[in-house]
Amino acid sequence: MSRAVCVRCGGERAGFDQICPSCGQRPEGEGLLVAWLLSSENLDNEELSRVQERVRTGESIRPSARMIDRARRQLGSHFATDAGMDVRQRVLLLTTSLLLTPLVGWVLFFWWRQDRPRASLQALALSLPATVLFTVLVPYLSLR
Ligand SMILES: [Zn+2]
C-alpha cells in the first residue's frame, strides 16, 4: 500500500499527489516534488514514520537541491509538475497555426510529449481545430 506524509501537518494521505485529509494541503508544483520525496515511492515505512515524527514536532522539511532534482527526474512526465504554456506562447502558437500552418502545433505536441505533457496537450488542443479548419475550409474555398 502506498503511503505519503503531509509536509505541513504530518498527516497521512493515500498518495503523494492527493489532498491531505487532516489539513487540506494540496501539493502543487515544487511542493509535489517534496510530497513525492515524503512518500513510499521514495522512502521505506520506517523512514516515513521518522519523517512523520519530525514534521509533527514542528521541524520543517527542506530537501536538498539534489533530492529535489531526483524527484523532478522521477516525476518528469507527471502531468501536474508541468506548468504548461503561458498565454503569450499559446496566442503565438494559435496565430502561427491559423496564419501559416497547424503543423507547428503538431511538432510541439510530439516534441513535448515526454517532458512536458501539459504543454504538449495544449499544443494539440490549439492545432487540432486549426488543422480541421485548414483541411475542410481551404479545399472548400478553393473549389468555389
Ligand atoms: Zn496535512
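Student: Which residue just after H2 takes a positive phi?

Tutor: That residue is Gly 58, with a phi of about 95 degrees. The model here is predicted, and the angle is computed from the model's atoms.

Student: How far apart are the end C-alpha atoms of H2, and what span should its twelve residues have?

Tutor: Begin with the helix in general. An α-helix has 3.6 residues a turn, so residues three or four places apart point the same way. For the length, count 1.5 Å a residue: the twelve residues of H2 should span 16 Å, and because the end C-alpha atoms are 16 Å apart, the two agree.

Student: Is Glu 53 buried or exposed?

Tutor: The idea is to count neighbours: 12 or fewer C-beta atoms within 10 Å make a residue exposed, and 20 or more make it buried. Glu 53 sits in helix H2, residues 45-56. It has 12 C-beta neighbours inside 10 Å and therefore counts as exposed.

Student: What about Arg 54 and Asn 45, which are also placed in H2?

Tutor: Arg 54 has 14 such neighbours inside 10 Å, so it counts as partly exposed. Asn 45 has 10, so it counts as exposed.

Student: How far in space is Glu 53 from Gly 10, C-alpha to C-alpha?

Tutor: Distance along the chain and distance in space are read separately. Glu 53 and Gly 10 are 43 residues apart along the chain, and their C-alpha atoms are separated by 7.3 Å. For Arg 54 and Gly 10, the figures are 44 residues in sequence and 8.1 Å in space. Asn 45 pairs with Ala 4 in a similar reading: 41 residues along the chain, 9.9 Å between C-alpha atoms.

Student: Which residues does Arg 54 touch, leaving out those up to four places away in sequence?

Tutor: Arg 54 touches Glu 59 and Ile 61 on that count. Contacts can also be read over the whole chain. Among those between residues at least 6 apart in sequence, 54% join residues at least 24 apart.

Student: Which members of the largest nonpolar core touch the most other members?

Tutor: A core is read as a group of buried nonpolar residues. The largest one has 13 residues, and Ala 4, Leu 33, Ala 35, Trp 36, Leu 37, Leu 38 and Ala 71 touch the most other members. Strand E1 (4-5) and helix H1 (30-37) each supply at least two of the core's residues. H1 gives the largest share, four residues.

Student: What does Ala 4 touch, not counting residues up to four places away in sequence?

Tutor: The contacts of Ala 4 are Glu 12, Arg 13, Gly 15, Phe 16, Ala 35, Leu 38, Ser 39 and Ser 40. Apart from this core lies another, of eight residues, including Met 85, Leu 93, Ala 123 and Ala 130.

Student: Is Leu 108 buried or exposed?

Tutor: Leu 108 lies in helix H5, residues 103-112. With 21 C-beta neighbours inside 10 Å, it counts as buried. Leu 108 and Thr 95 are 13 residues apart in sequence, yet 15 Å apart in space, C-alpha to C-alpha. Over the whole protein, buried residues make up 24% of the 144.

Student: What pattern does the protein follow along the sequence?

Tutor: The order is β-β-α-α-α-α-α-α, which comes to six helices and two strands. Because the radius of gyration is 21 Å, well over the 15 Å of the globule rule for 144 residues, the protein is more spread out than a compact globule. Its C-alpha trace spans about 75 × 30 × 30 Å along the principal axes.

Student: Which domains does the domain assignment give?

Tutor: The assignment gives domain 1 (4-78) and domain 2 (87-143). Their C-alpha centres lie 37 Å apart.

Student: Which element has the lowest mean pLDDT, and which the highest?

Tutor: Where pLDDT is low, the predicted coordinates should not be read in detail. Helix H6 (residues 117-143) has the lowest mean, 80, and E1 the highest, 96. For the protein the mean is 85, and 94% of its residues reach 70 or more.

Note on methods. Residues numbered from 1 in each chain as written. Predicted model: local features only at pLDDT ≥ 70, side-chain atom pairs only at ≥ 80, totals over all residues. Domains from an automatic or database assignment. Core = buried A, V, L, I, M, F, W, Y, C linked by C-beta atoms within 7 Å. Contact = placed C-beta atoms within 7 Å. Rg over C-alpha atoms; globule rule 2.2 N^0.38 Å. Expected span 1.5 Å × (residues − 1). pLDDT = per-residue confidence, 0-100.
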